[in-house]
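Welcome! Here are a few short exercises to work through with the structure in view. Try each task yourself before reading its solution.

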Amino acid sequence: MRQNKRKKAVAMLAALTMTASLHATMAFGAGNAAPSVQFQIGSLNAVDNDGTFELKQAPYIEKGVAMVPARAFAEGLDAKLTWNDTDRTIQLERAGLTVLLTVDQDSVTGTYVKGIKLPAKVVIKQGQAFIPAKSVADLLAATTTWENSGRKVIIQANAETVTHQFSFDQDQDGWEGGFADLPVAYNPNIYNLEFRRGLIDLSDNKSNYGLKMVGMNRSDDLFMFVTKKISGLEPNMTYDASVAFKLYTDVPGGMMGVGGSPGESVYIKAGFVATKPEALRLDHVHGEEPYFILNADKGNQAQDGADLKNVGNMVVPDDSVEDFQAKPMSHQATLKSNDKGELFVIIGSDSGFEGLTTWYLDDVQVDLTPKG
């Protein structure tokens, strides 16, 4: 009976969070686009993400190759340009890539560059260095488009993936833990809730740490979760997000338990949200006592939510090993960062097993790629 009422309470919250989720996936505006620059052959006017600006020398065509000013090219793509007057070289750096060009030569060196010749030599015209637009853009992970009608060269930086990795061997790396789907006035002596960084319970382990979660499910579907804020992103930008991690468990498959199996009935969920995941107090639902419910739509046990999806369960990969084992899991989603340039990753267990559950989290990798 209580579980059915819990589902109704979750449904009420899900309706609210679903609206927020739909709003969060709206398309982003042009102001959030990746760096770009546009040149017009024979024109002193160029355009980048900040608007129109004037060149000292106009781009031109050399034997079918569009030649553009190196300095304006670099600034439009947010690349670093270094001029060496002694060697007469131009070094361009962007997104971890380096390209080294030499005036009056068609040779080029740099990251992942081997045996490549430019289609035209780098030249100096009236004090301005000119480079072949498409070839150099390709080497800096940018895309070039030629617009024939306006004789325009449009160079767009490709989306850059931001990667965050967490191993927990040195510290907690800013991760936080929480618990939901339990009474506000729960008795801590019988729920045994625990979140901390600790050595993973492996034989002879003296150095491999993880995030440890422990809880006794006495409320039909205890949800235990860890979360991390990812900041420094573009505000209100749509991202393709993925998380991969290792969940350490010691629960064999096929076991029986009250409410469900301690392995198959403890569902592991993962997701991304634009608002910090927290336990929200929900009062007076169908006459029940106040409960803590997650402020995101995680679904209920085997059921997916709008924000969190099922990615596995607590069953060990190898039943013959009586120890904690790493179980790789992953999840992908598309969503929009908040107006502070933040997203939150959340990983947790949604338990149908009315007993004690213990797991460790380690080796988390989060990849975020802007769309558009």
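A salt bridge is a side-chain nitrogen of Lys or Arg within 4 Å of a carboxyl oxygen of Asp or Glu. The model is predicted, so local features need pLDDT of at least 70 and side-chain atom pairs count only at pLDDT 80 or more, while totals for chains, interfaces and linings use all residues. Residues are numbered from 1 along each chain as its sequence is written, and side-chain values use heavy atoms, with hydrogens and water left out.

**Exercise 1.** Find out which parts of the chain the salt bridge between Glu-342 and Lys-229 ties together.

*Solution.* Start with the distance: the two side chains meet at 3.7 Å, N to O. Next, place the partners. Glu-342 sits in the loop between strand S25 (325-336) and strand S26 (343-351), and Lys-229 belongs to strand S19 (residues 223-230), so the bridge ties together parts 113 residues apart in sequence. Strands here are DSSP runs (E, at least two residues), numbered from the N terminus. Finally, check the surroundings: Glu-342 is buried, at 13% relative accessibility, whereas Lys-229 is partly exposed, at 39%. Buried means under 20% relative accessible area, exposed over 50%, and partly exposed in between (1.4 Å probe, protein chains only).

**Exercise 2.** Decide whether Asp-181 is buried or exposed, and do likewise for its partner Lys-298.

*Solution.* First, the pair: Asp-181 and Lys-298 form a salt bridge whose closest N and O atoms are 3.0 Å apart. This pair links distant parts of the chain, 117 residues apart: Asp-181 lies in the loop between strands S15 (176-180) and S16 (182-183), Lys-298 in the loop between S23 (291-294) and S24 (308-313). Then read the accessibility: Asp-181 is buried at 0%, and Lys-298 is buried at 3%.

**Exercise 3.** Work out what the side chain of Ser-261 meets.

*Solution.* Begin with its place, the loop between S20 and S21. With 10% relative accessibility, Ser-261 is buried. Now look for polar contacts (N or O atoms within 3.5 Å; within protein, one must be able to donate a hydrogen and the other to accept it, and residues adjacent in sequence count only if both atoms are side-chain atoms). One such contact, of 2.6 Å, joins the side chains of Ser-261 and Glu-264. In addition, a polar atom of the Ser-261 side chain lies 3.2 Å from the backbone oxygen of Met-255. Last, leaving aside residues up to four places away in sequence, Ser-261 touches Met-255, Val-266 and Phe-353, where contact means heavy atoms within 4.5 Å.

Methods: Helices (H or I, at least four residues) and strands (E, at least two) are DSSP runs, numbered from the N terminus.
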